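Trainee: I'd like to learn how to read salt bridges in a protein model. Can you walk me through some?

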Amino acid sequence: MSIDRPTFHESWFRVASLTPRLRAGVRFARHRVRGRLWFVAADPVGQRFVRLSGPAYRFASRLDGRTSVAQAWDDAQTIDHDDAPTQGEAIRVLAQLHQAGMLVADLPGATAVLLRRLQKRAVQEWSGRARGFLFPRIPIFDPDRLLNALTPIFGWLFSPLGILVWLIASALGFASLVGYGDAIARSASESLDPASWPALLACFVVIKAGHELAHGIACKALARREIGGEHRDAGVHTLGVMLLVLFPVPYVDASSASMLRSKWDRAVVSAAGMLFEVGAAAIAAVVWSATSETTVTHAVAWNVMLAASIGTLLFNANPLLRYDGYYILADLIGSPNLAPRSRAFLLHLARSRAFGVKRSTPPPHERGEQPVLIAYGVLSSVYRVALSLVIAWFVATQVPMLGVLIAAATIWVMIVVPLVNAAHHLATSRELAGRRTRAFAVSLGALFVLLVPLLAVPVKEHRVVSGMVEPQSWSVVVAGVSGEVTSIARRGPADPQEVLVVIANPELAVERTVLDARRHEAEARRRIAVATDAALVSVFDERLATLDAQLQRLDERLHRSRINAPSPGTWQPGTSALGAFVRQGDALGVFSNAGDSIVRIGVDQDVASLLSDATARVELLPHGSHRAPTTGTVRSTAPASERARTSETAEFDVIVTPDNTAAFIAGQRVDVRFELPARSLAQQWGARLQRLVQREFES
């Protein structure tokens, strides 16, 4: 891709006669990036940094207060020839140095320029804070002296030996968790209890404090070890608090690490906080696996493990946000200032390709860097807006009214303000003179393409809610005799005549044996009476009849000690355990007939209002199961009574009939997936936001 570099600039006469000078104390560090030599100018007082190419550095280094800008530029042309900065590039170098407070111009004409630039810079900084209102930073004090005391003690951790120790400790820590899958799942579910949040948040703050101090210590330790060492003591002068989703966490400004020559050293400084958190999580894992669940140490170790992983995974390690992962990526691929340069490059493409501006100048970039700038600019912008909206929605679900305000502010800052600024730029930019109609047409077309999917294209919508399987006909199974429970079937489907409960009563068995012996005796005496005394035969016949009746009643009682399933259905045993003694008439469990179970689900008004127009088919799956789902049919929807509500949002009861009732057990929790009518994304989001506001005002 060829770059148009016009040698002359129409505003050159405004700066050519100026004799600015670099401020005293401005230092330069040499970096080699993508095979080229670059220079980083640093103001140690204001903690400002400017990256210059070799020719730009040689131009800037001649600004001593006596040499004019024109003379410095002519000297650069003599030395660097075609690589020397053009007049436009020289003006941008002056603007960068002036904005960073590194350039001093004593002429009255320059004072007005300075004030205008400072005012523009203040507006830009305020705008940046407004865009990042979910993550504002509040500086508190200078931690430099504290870090100077800690660096000799902990600085070795960021040497090759320290990294090796970290690798070994991390491997041992995570290896100690092998075989604790169930315990980890149990502890994770307990962490969802709001009662455990204060301790978790306290550990989170402590971990983040260590995270930020690790950045500062690594910056100082690596700067002191750097060969050539004019930056032996890199200053870290800002420690403050950043509000992360309204929660305060500490931060330090370790931007002085940009003076380090080695990209690997700069990457280690950026990764120092994550290295600390992973190491802390590994040590906590060893402690957690070696302590009893009932101890305070075990609970603290778990909170440290959790706190040291959430922020690192969600924010710090993500290169699409301007946190640790972003700076590591920028250093390793050799693309400093990746985020602002990517946005500037996208703006250049819009001007040159879409609006047809012929003289649009791209930001400085290396050959082959264009795809990186385009990809990062698009992905980071989309991700930042999406993450802000997700965070605002999360806060809205936890603190509804505050969340609605934050969501409105997010939409205003992330969407409305950029659109207004873009419209102002299209209407007033001098660069678009003669191309303004095309620029407006292209912009409106792009906006239309973006809004059509949100406002007009129907998108399939589904909701997954939790329900409970309920039998329509059921019966209580009671003990037919008193005795000890010797067998009881497990909860689940039962086949006809399957044994559900067996009760042993030794007294009935003994009584059965005695009656049987008496009957044998009566039969023997009757046979003797037939041969000796015919008058006694009738007496023994009556006695045998009485004994047979007693045996029949006893056999019926013994039969009731073995309870079988009357038909296909579901068996739910009660509280009686194996070996327990029960009395006749005690409830042993509930048996529900197969084929008539329903699933009762509690839904909010938004879902209930759509079910009348939705397909009546739903999918049902037992909670936690991985088998194929079963289909079902919506039978009815009715307002839920206060007693029947399963949650605050369950305003309606939906009754679903499964197609395969044998796949479910009465009392089982089921995940139900409703296929709702297709609506545009704007309609879906608007309906949810409306319900959120309504619930807040109703409460």
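Mentor: Sure, let's begin with Glu-369: at 1% relative accessibility, this residue is buried (under 20% relative accessible area; exposed is over 50%, partly exposed in between, with a 1.4 Å probe and protein chains only). Keep in mind that this is a predicted model, where local features need pLDDT of at least 70, side-chain atom pairs count only at pLDDT 80 or more, and totals for chains, interfaces and linings use all residues. Residues are numbered from 1 along each chain as its sequence is written, and side-chain values use heavy atoms, leaving out hydrogens and water.

Trainee: Which residue forms a salt bridge with Glu-369?

Mentor: First the idea: side chains of opposite charge can pair when their charged atoms come close. We call it a salt bridge when a side-chain nitrogen of Lys or Arg is within 4 Å of a carboxyl oxygen of Asp or Glu. Here Glu-369 pairs with Arg-341, and their closest N and O atoms are 2.6 Å apart. Arg-341 sits in helix α13 and Glu-369 in the loop between α13 and α14, so the pair ties together parts 28 residues apart in sequence. Helices are DSSP runs (H or I, at least four residues), numbered from the N terminus. Arg-341 is buried too, at 10%.

Trainee: What separates Glu-521 and Arg-525 in helix α17?

Mentor: About one helical turn, because they are four residues apart. Their salt bridge has its closest N and O atoms 3.0 Å apart. Glu-521 is partly exposed at 40%, and Arg-525 is partly exposed at 44%.

Trainee: How many salt bridges does the structure hold?

Mentor: It holds 14.

Terms used:
Helix = DSSP H or I, 4+ residues; strand = E, 2+ residues; numbered from the N terminus.
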